[in-house]
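Please look over the sequence and the structure shown here before reading the notes that come after them. It may help to keep both in view and to find each part as it is named.

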Amino acid sequence: MNMDSDSVDSDSAAKGADEPDWLVDDSLGKLDAAAGPATAAPCVHVVTKFALSQASFQGRRLSFLHAYSGAEALALLRSTPDIAVVLLDVIMETQDAGLQVARQVREELHNSAVRIILRTGQPGQALEHRIIIDYDINDFWCKTDLTTRKLFTTVIASLRTYASLREAQQQVASLAAALAQCGEAPPAPAGGTP
């Protein structure tokens, strides 16, 4: 699915409302030093979409949603809770906007299933280690290292993980519903009081 502000392309309209959106690309990186954010953001989105244009997962082509700021990304994730993967830039409207989005996705939206792939144009091993420890992200890449092949591999691996998590969540919900129908209360935790 491809969304730029409020426009939706024909692929997404035909896709169906009950199918998850496999990928959201939220990147506002600079392709070169001369490009400003207004120019660079759409270019990064176009390059990413082109790099993954032939990719498919579980027999379906990837669909894309686009956000150009942290606020847009959060609004999109609120309104579309079944997004599978977010390609998230560290630096957007502020130096740490992407990190704040990642934190809000986990803590405020309580979305543990979406896979967050953080991308940065400013590499640094100390920064990467700190981010991996402090934020619940699933992958971290320097944009210069993220080749088309690595992007493809990272996205497909993330989609597999997302699909497994969603299946497990659905099984837990089904079991909880079955227990509720039977009138059985779940067992007390070990060592707890009944």
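The briefing below goes through strands, a helix, salt bridges, cysteines and one loop residue, topic by topic.

This is a predicted model, and the values given here are computed from it. Two parallel pairings link three of its strands, with E7 joined to E8 by five bridges and E8 paired with E9 over four. A count of salt bridges comes to four, while a search of the whole structure for disulfides finds zero.

**Strand E7**

- Strand E7 covers residues 85–89, and five of its five residues are buried, which leaves the strand mostly covered.
- In a regular strand the side chains alternate between the two faces of the sheet.
- In E7, Val85, Leu87 and Asp89 point one way, whereas Val86 and Leu88 point the other way, and all of these residues are buried.
- From E7 the chain passes through helix H4 (residues 97–107) before it reaches E8, and this β-α-β crossover is right-handed.

**Strand E8 and its neighbours**

- Strand E8 (residues 115–120) runs parallel to E7, and because six of the six residues of E8 are buried, the strand is largely enclosed by the rest of the structure.
- The side chains of E8 also fall into two sets, with Arg115, Ile117 and Arg119 pointing one way and Ile116, Leu118 and Thr120 the other way, and all of them are buried.
- Across the pairing of E7 with E8, Val86 stands opposite Ile116, and Leu87 stands opposite Ile117.
- On the pairing of E8 with E9, which is also in the parallel sense, the bridge partner of Arg119 in E9 is Trp141.

**Helix H6**

- Helix H6 covers residues 148–182, and its 35 residues should span 51 Å at 1.5 Å a residue, which agrees with the 51 Å between its end C-alpha atoms.
- The buried residues of H6 are Leu151, Thr154, Val155, Ile156, Ser158, Leu159, Tyr162 and Ala163.
- After H6 comes Gly183, whose phi is positive, near 75 degrees.

**Salt bridges between separate parts of the chain**

- Asp89 and Lys143 form a salt bridge in which the closest N and O atoms are 2.8 Å apart.
- Because Asp89 lies in strand E7 and Lys143 in the loop between E9 and H6, this pair ties together parts that are 54 residues apart in sequence.
- The two partners fall into separate exposure classes, since Asp89 is buried at 2% relative accessibility, whereas Lys143 is partly exposed at 23%.
- Another salt bridge is formed where the side chains of Asp136 and Arg106 meet, with a distance of 3.3 Å from N to O.
- Asp136 lies in the loop between helix H5 (125–134) and E9, and Arg106 lies in helix H4, so the pair ties together parts that are 30 residues apart in sequence.
- Here Asp136 is partly exposed at 45% relative accessibility, while Arg106, at 12%, counts as buried.

**A salt bridge inside helix H5**

- Asp134 forms a salt bridge with Arg130, and the closest N and O atoms are 2.9 Å apart.
- Both residues lie in helix H5, where Asp134 and Arg130 are four residues apart, or about one turn of the helix.
- Both are also partly exposed, for Asp134 has a relative accessible area of 36% and Arg130 has one of 46%.

**Cysteines**

- A disulfide is a covalent bond between the sulfur atoms of two cysteines.
- The search of the whole structure finds zero disulfides.
- Are Cys142 and Cys182 buried or exposed? Cys142 is buried, because its relative accessibility is 9% and buried means under 20%, whereas Cys182 is exposed, because its relative accessibility is 56% and exposed means over 50%.

**The loop residue Asp145**

- Asp145 is found in the loop between strand E9 (139–142) and helix H6.
- With a relative accessible area of 41%, Asp145 is partly exposed.
- Asp145 and Arg119 are 26 residues apart in sequence, and from C-alpha to C-alpha they are 9.8 Å apart in space.

Methods
Residues are numbered from 1 along each chain as its sequence is written. This is a predicted model: local features need pLDDT of at least 70, side-chain atom pairs count only at pLDDT 80 or more; totals for chains, interfaces and linings use all residues. Side-chain values use heavy atoms; hydrogens and water are left out. Buried means under 20% relative accessible area, exposed over 50%, partly exposed in between (1.4 Å probe, protein chains only). A disulfide is a pair of cysteine sulfur atoms within 2.5 Å. The expected span of a helix is 1.5 Å times one less than its number of residues. Two strands pair if DSSP finds at least two bridges between them. A crossover is right-handed if, with the strands pointing away from the viewer, the path from the first strand over the helix to the second runs clockwise.
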